[in-house]
Amino acid sequence: MNIKDLLEIIGESYVESIKEQLVFFGLQDSNIINSISYSIVNNTVVINIPEYAIFIENGRRPGSTPPPIAIILRWIQRKRIKGRNRTNGRFISNNSLAFMIARAIGRRGIRPKPFLQRATEVVGEEVASTFAIQFSDIIDDNIKRILEI
């Protein structure tokens, strides 16, 4: 097994672990779960995730800037959510609903869901054991070759 094979194993393990953590945090229906991938660049594993993952990972503080309404609007349309007026029970427009949700997020914030941190901890342990086994095999092979000479 060479370094590229090890990097492939790490990349696959990391992506799988991230997806498992997203499911753990209840985000199995989110678009992010299908947007995660990895690539190997210059003998380095690069995890590709959407930019908004930082807001899932770290959450939003109460009183912070609300998220863009367009993003909330797309989420409302994808989930087919219909808002209602509390006083008369009539449906409200998706734009109004998106504005109210964005404003509420800005005021109340969102709790963090540290899926990347947890995935890194899990994969870190796996990588350490995998590398230890692989390097010991490589060292054993080299010692055997040296002794044969």
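Begin by selecting Phe 55, which lies in helix 2, residues 53-58. The model on display is predicted. At a relative accessibility of 43%, Phe 55 counts as partly exposed, because that class covers values between 20% and 50%. Add Tyr 52 and Ile 54 to the selection: together with Phe 55 they make a nonpolar surface patch of about 290 Å².

**Confidence along the chain**

Next, colour the protein chain by pLDDT. The mean for the chain is 88, and 97% of its residues reach 70 or more. Helix 4 has the highest confidence, with a mean of 95, whereas helix 5 has the lowest, with a mean of 78. Where pLDDT is low, the predicted coordinates should not be read in detail.

**The loop between strand 1 and strand 2**

Now select Asn 42 and Asn 43. Asn 42 is placed in the loop that joins strand 1 (37-41) to strand 2 (44-48), and Asn 43 is found in that loop as well. What is notable about the phi of Asn 42? Its value is near 50°, which is positive although the residue is not glycine. Asn 43 likewise has a positive phi, of about 55°, and is not a glycine either. For context, most residues other than glycine have a negative phi. Are these two side by side entries buried or exposed? Asn 42 counts as exposed because its relative accessibility is 73%, and Asn 43 counts as exposed at 56%; the cut-off for this class is over 50%.

**Helix 1: Tyr 14 and Glu 16**

Move to helix 1, which spans residues 3-24, and select Tyr 14, which is found there. Tyr 14 is buried, since its relative accessible area is 17% and buried means under 20%. From Tyr 14, draw a C-alpha to C-alpha distance to Ile 36: the two residues are 22 apart in sequence and 10.0 Å apart in space.

Glu 16 is also found in helix 1. Unlike the buried Tyr 14, Glu 16 counts as partly exposed, at 45% relative accessibility.

**The negative patch**

Keep Glu 16 selected and add Glu 20, Glu 121, Glu 125 and Glu 126; these five residues form a negative surface patch. Which helices each supply at least two of its residues? They are helix 1 and helix 5, the latter spanning residues 115-148. Helix 5 gives the largest share of the patch, three residues. Helix 5 is also where the chain has its lowest mean confidence, 78.

**Ala 119 in helix 5**

Remain in helix 5 and select Ala 119, which is found there. Ala 119 counts as buried because its relative accessibility is 0%. A C-alpha to C-alpha distance drawn from Ala 119 to Asn 48 gives 14 Å in space, for a separation of 71 residues in sequence.

**The positive patch**

For the last stop, select Arg 86, Arg 103, Arg 107 and Arg 108, which form a positive surface patch. Where does Arg 86 lie? Arg 86 belongs to the loop between helix 3 (69-79) and helix 4 (94-108). Arg 86 is exposed, because its relative accessible area of 84% is over the 50% cut-off. Helix 4, which borders this loop, has the highest mean confidence in the chain, 95.

Conventions
Residues are numbered from 1 along each chain as its sequence is written. This is a predicted model: local features need pLDDT of at least 70, side-chain atom pairs count only at pLDDT 80 or more; totals for chains, interfaces and linings use all residues. Side-chain values use heavy atoms; hydrogens and water are left out. Patches are made of residues with over 30% relative accessible area and no salt bridge: like charges are joined within 9 Å, nonpolar side chains (Val, Leu, Ile, Met, Phe, Trp, Tyr) within 5 Å. Accessible areas come from the Shrake-Rupley method with a 1.4 Å probe; for residues, only the protein chains shown count as cover. A salt bridge is a side-chain nitrogen of Lys or Arg within 4 Å of a carboxyl oxygen of Asp or Glu. Lys and Arg count as positive and Asp and Glu as negative; His and the chain ends are not counted. The place of a charge is taken as NZ of Lys, CZ of Arg, CG of Asp or CD of Glu. Helices (H or I, at least four residues) and strands (E, at least two) are DSSP runs, numbered from the N terminus. Buried means under 20% relative accessible area, exposed over 50%, partly exposed in between (1.4 Å probe, protein chains only). pLDDT is the predictor's confidence in each residue, from 0 to 100.
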